[in-house]
Amino acid sequence: MRSAWARRVFLSVVSAASAASAQRPPDRQQPAVLMIEPLILRSPREQPHLTLAATFGALDQATTGTLAGYGYDHGAAMSLGLNARLVFPLEGCRCMTHGVDANVLWTDGAALGAGASSAWERGIIDLGYAFRVELPCMRSGTRRWWVTGTLGLSGQLADAGLGDVSASETAGLNERTAASARYDHLALGWHFGASMEVVFDKTLVGFGVDLRDLRGLDTDQARTFLLGANLRVGVDLGI
């Protein structure tokens, strides 16, 4: 009697459990989440870069305290130069770098001293801070576009000549000879520049513009303002 009652209880419990299991809604599946690691985390860390470029361009100048005319007070000249930049990546951003910019520039009239005299032969040195930004939307394969701004100190050694005239010109020769003897001077000031370059693997091609405001030291040529534009060709080396 007792065993029959126990058997009925056991069967009732099993039947109730089976019914509950049949009525239980299926477990809801969790949506699959696709974890995509950002490209910037998978990319190798940006290296320091050394850029070396030759520059060829034009330089327009205005100088105070000079003889009017013959290119002393105002004139344009061709320029040749060399530029070096050493930049390091900013922490947390692969498309921005900063570092040191050094520039050496030489001018000697419109023909760079060939076949004509010039009002000024200038040697210019710039040293400053550079901030370089990549344009990632224009990147393609090994091609990368960069924009760079520079700000720093500038100095020039100006050697006055016989003016921007032909070598056989005799007009105003006495005045020009006196000017060439008096106008040699040293000047110091500030420099601001900007450039845009495209780099193919390691080859660099671009253009730049710059401004210089220089004050003469112990001379009547108290101020010189220089505006320049140049083409740049060189190399961009990861180090």
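**Close-up views of a predicted model**

**View 1. Strands E6 and E7 pair in the antiparallel sense.** This model is predicted. E6 covers residues 185–200, and E7 covers residues 203–216. The two strands share 14 bridges. One bridge links alanine 194 to its partner in E7, valine 209.

**View 2. A hairpin connects E6 and E7.** There are 2 residues between the strands. Aspartate 201 sits in this turn. Its phi is positive, at about 60 degrees.

**View 3. E7 also pairs with strand E8.** E8 spans residues 223–238 and runs antiparallel to E7. The pairing comprises 13 bridges. Here leucine 211 stands opposite leucine 227, a residue of E8.

**View 4. E7 and E8 form a hairpin with 6 residues between the strands.** Aspartate 218 belongs to this hairpin. The phi of aspartate 218 is positive, near 55 degrees.

**View 5. Tryptophan 146 lies in strand E5.** E5 is made up of residues 143–160. Tryptophan 146 counts as buried because its relative accessibility is 2%, and the cut-off for buried is under 20%.

**View 6. Tryptophan 146 is in contact with residues beyond its sequence neighbours.** Neighbours within four places in sequence are left aside here. The contacts include Glu46, Cys95 and Thr97. Arg132, Val133 and Glu134 are also among them. So are Ser195, Met196, Glu197 and Val199, along with Asp236.

**View 7. Tryptophan 146 and glycine 206 are 60 residues apart along the chain.** Their C-alpha atoms are separated by 9.3 Å.

How values were computed:
Residues are numbered from 1 along each chain as its sequence is written. This is a predicted model: local features need pLDDT of at least 70, side-chain atom pairs count only at pLDDT 80 or more; totals for chains, interfaces and linings use all residues. Side-chain values use heavy atoms; hydrogens and water are left out. Two strands pair if DSSP finds at least two bridges between them. Helices (H or I, at least four residues) and strands (E, at least two) are DSSP runs, numbered from the N terminus. Buried means under 20% relative accessible area, exposed over 50%, partly exposed in between (1.4 Å probe, protein chains only). Contact means heavy atoms within 4.5 Å.
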